[in-house]
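Please open the model in your viewer and keep the selection panel at hand. The stops below tell you what to select next and what to look for there.

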Amino acid sequence: MPQHVPAPVKGDTGSAEQAHPPGQPPGVASGGTGGAPRLPDALRPQALLTWLPLLLAAVLWIFSLPHIGFRSMGEYGLLDRLPVTYYLSLLVLTAGFLVSLRRAGTAPWWPALYCAGLLMAIKGVPAVLYDSERYPWASKHDAVINHLLANGDLRPGEGLSGNMSAYDQWPGFFTFNGGLVRTFGVDSAATYLNWAPVVLGLLMMPVLILIYRTFSEDWRLVWAAVWIFQLANWVGQDYLAPQGLAFLLHLAVLAVVLRHFVRPGSAGRLRSRAWLDPAAAAVPPPTGTRQRAICVAVLVPLLVAINAVHQLTPVMLCVTLIALSLTRRYRNLGLLAAAGLLMLAWDLTMGRPLFTETLGTLRDSLGRLTENSRAGYAGELTGAGPELAGRAGVLMVLAVAVLAGAALLLRRRLAHSALPLLLASVAPVPLFVVNDYGGEMLFRVYLFALPGAAFFAAAALVPAAGGTGAHRIRPAVRRICAVALPVTLAALLAGFMPAYYGKERMNYTPPEETALVTRTIDRAPAGSLILATTGSFPQALHRYDHLEHWFFAEQELPENTAMLKDPAHYLSTRLPPGTTAYVLLTRTQDIYTAGEGLLPPGGFASLTRDLSASPLFDVVERTEYGVVLRYDS
């Protein structure tokens with residue numbers, strides 16, 4: 001019986017090699033010409049368009065760095081000091097990200113690399129270039145860390161001037177950074193201070209992905225939401241400060257709750273794939289009472305850490321848990337009770353002085369929505385750059401809100417399955433009723449609402465990939481989204497730049513000014529009073545545990561206008577007898593008080609001139625970066 005020989009299988013390279021004539025290179029047919037060489041996978045058009053824009057954007061960004069004139073910023077901050085190559089790098093990066101979204105389902109690491117690249121591109125410039133701390137007020141956090149390392153003690157009950165008592169009452173952030181300083185052997189936290197926005201942003205990315213993947217299986221939507229979050233996070237709360245770390249911990253708790261606290265029998269029709277939006281993820285598996293109790297125990301250290309780091313974030317977390325409890329899916333009163341009791345325990349022990357002081361002010365601030373939602377002390381930005389930054393910030397908020405609202409209307413099934421994320425976003429809004437948090441409540445509410453808002457904004461721009469019947473996406477909708485997504489990302493990028501860098505002139509401080517302030521404060525005898533228009537200048541609270549502080553222009557503009565009529569009399573009549581006071585009037589204060597509307601145009605120059613000419617004040621030192629005056633009563 002003849003033996004059967006199987007036919008060669010198409011694409012079976014092993015069979016092809018065995019059948020090839022010996023001594024002839026593979027890929028060349030017997031008696032024929034050589035075939036076209038196969039391109040490596042990385043050089044194929046689709047792959048090339050994925051990685052090449054990332055490389056090109058990196059080259060353009062690095063090339064632009066030496067040409068950024070951060071030391072000569074004018075009214076528009078960094079905006080007109082960034083070269084064309086920098087802006088071009090952002091556009092190339094955006095284009096590459098859009099291409100990478102096409103492969104997000106099979107190669108999600110490419111959108112991840114682009115998101116990390118965006119974070120570095122838009123927030124890494126100060127970290128790489130600046131020769132001083134970005135945000136002069138961040139230097140007070142460095143001062144607290146240095147004090148903790150030098151003295152090793154906390155004084156939560158002692159009243160420290162300059163609003164520094166709160167840092168001893170919520171010391172978790174500072175003890176953590178003290179440990180980092182010791183671990184890495186650096187001189188102080190100022191060594192890595194400017195890298196905080198980049199590092200915190202990178203740490204937030206996996207947490208945001210966990211949250212977004214809870215509600216969507218579409219990697220395109222998830223990465224678009226991360227991208228929008230980074231562009232919309234212009235409020236400057238991610239610098240080296242307790243709020244940035246506490247917000248990261250808050251998101252971590254939210255991710256655990258959303259994925260591991262689903263009550264049995266609460267999903268209903270959300271378990272049915274036929275009812276869900278094509279991009280929606282199935283509800284996570286339910287957990288029993290015992291499992292949730294274990295999860296609460298696991299979360300307790302995180303809850304304690306949040307309470308130890310920041311005074312407002314535990315409140316935000318509690319209102320978020322209350323909002324989640326409005327759904328059957330996440331009605332977990334045990335976790336809410338644990339979070340509330342831990343917050344109350346901390347407020348009544350370590351944080352008692354500030355907690356009782358805040359309670360005493362509620363009668364005046366409760367229900368005053370207009371005052372509580374203002375930004376800063378005066379709430380009136382002045383100057384071309386600050387005004388542009390303010391308008392850009394408002395437009396960014398409106399843009400994200402409109403996009404999120406469109407998703408709620410157009411993708412109601414996705415909105416229904418992601419209702420917990422929607423509730424978590426709107427939960428902080430009622431805090432406007434309570435108080436203004438020192439002119440910061442507007443920014444904090446926006447920050448805590450942003451993760452959910454970014455998700456729904458992305459849902460409005462990224463149509464579902466699948467779907468049949470009633471869930472099928474119309475070709476016209478896909479064509480509209482294909483145009484709307486790149487246009488919107490470009491518009492958000494255009495809004496981020498002025499919102500984040502439009503006021504950069506008040507955020508960068510020349511080292512010479514820092515040296516002037518440090519020199520003056522080091523010479524001041526213990527118990528002296530440091531006077532300045534605002535605390536937003538470098539090293540303002542250096543040696544804060546040995547000196548008193550009065551930032552006399554941090555009040556309403558009409559009061560400051562009256563003060564400017566006779567500043568020497570205004571200050572001298574309000575200083576206690578026997579006081580030795582040093583008045584520091586620096587370049588950064590001039591820019592800050594004008595930009596934030598604390599003083600009228602020309603007010604700082606008038607103040608400096610009148611105090612310098614007054615016989616009550618002696619000029620100790622004068623440089624192009626500021627003047628130091630001394631007052632002895």
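Begin by selecting Glu-621, which is buried, with a relative accessible area of 18% (buried means under 20% relative accessible area, exposed over 50% and partly exposed in between, with a 1.4 Å probe and protein chains only). Then add Arg-523, which is exposed at a relative accessible area of 56%. Glu-621 forms a salt bridge with Arg-523, the closest N and O atoms being 4.0 Å apart (a salt bridge is a side-chain nitrogen of Lys or Arg within 4 Å of a carboxyl oxygen of Asp or Glu). This pair links distant parts of the chain, since Glu-621 sits in strand S4 (residues 618-623) and Arg-523 in helix H22 (residues 511-523), 98 residues apart; helices (H or I, at least four residues) and strands (E, at least two) are DSSP runs, numbered from the N terminus. If you also select Arg-519, you have the network in which salt bridges that share partners join Arg-519, Arg-523 and Glu-621.

Before going further, note that this is a predicted model, in which local features need pLDDT of at least 70 and side-chain atom pairs count only at pLDDT 80 or more, while totals for chains, interfaces and linings use all residues. Residues are numbered from 1 along each chain as its sequence is written, and side-chain values use heavy atoms, with hydrogens and water left out.

**Along helix H22**

Show H22 next, where the buried residues are Glu-513, Thr-514, Leu-516, Val-517, Thr-520 and Ile-521. They cover an arc of only 160 degrees around the axis, which puts them on the same side of H22; the arc is that of the directions from the helix axis to the C-beta atoms. These buried residues pack against S1, S3, H25, S4 and S5, where contact means heavy atoms within 4.5 Å.

**The sheet**

Now select the strands together: an open sheet of five strands has the order S2-S1-S3-S5-S4, with mixed pairing (two strands pair if DSSP finds at least two bridges between them). Strand S2 (548-551) and S4 stand at the edges, each with a single partner strand, so one side of each is left without a neighbour in the sheet. On average, neighbouring strands of this sheet are turned by 20 degrees against each other, direction ignored; axes are lines fitted to C-alpha atoms, for helices over the stretch in contact, and angles run from 0 to 180 degrees between N-to-C directions.

At the S4 edge, five bridges join S4 to strand S5 (residues 626-632), and the two run antiparallel; to find the register, select Arg-622, which stands opposite Val-627 in S5. At the other edge, S1 and S2 pair in the parallel sense over four bridges, with Leu-529 opposite Glu-548 in S2. Which side chains of S2 point to one face and are buried? They are His-549 and Phe-551, while Glu-548 and Trp-550 point to the other face and are not buried.

**The loop between S1 and S2**

Select Gln-539, which is placed in the loop between S1 and S2 and has a phi near 60 degrees, a positive value in a residue other than glycine. At 15% relative accessibility, Gln-539 counts as buried. Arg-543 lies in the loop between S1 and S2 too, and has a positive phi of about 60 degrees although it is not a glycine; at 22% relative accessibility, Arg-543 counts as partly exposed. For background, most residues other than glycine have a negative phi.

**Helices on the sheet**

Helix H25 (residues 587-595) lies across strand S1 (529-532) and strand S3 (580-586), running at about 70 degrees to S3. Helix H26 (residues 603-613) packs on the sheet and touches S3, S4 and S5, its direction making about 145 degrees with that of S3. Within H25, the buried residues include Ile-591 and Tyr-592, and what covers the buried residues of H25 includes H17, H22, S1, S3 and H26. H25 is followed by Gly-597, whose phi is positive, near 75 degrees.

**Two further salt bridges**

The salt bridges come to 11 by the rule used here. Select Arg-411 and Asp-277, which form one with the closest N and O atoms 2.8 Å apart. This pair links the loop between helix H17 (384-410) and helix H18 (412-417), which holds Arg-411, with the loop between helix H11 (242-260) and helix H12 (289-309), which holds Asp-277, 134 residues apart. Both Arg-411 and Asp-277 are buried.

Finish at Asp-80, which forms a salt bridge with Arg-81, the closest N and O atoms being 3.4 Å apart. Asp-80 is partly exposed at a relative accessible area of 41%, and Arg-81 is partly exposed at 25%.
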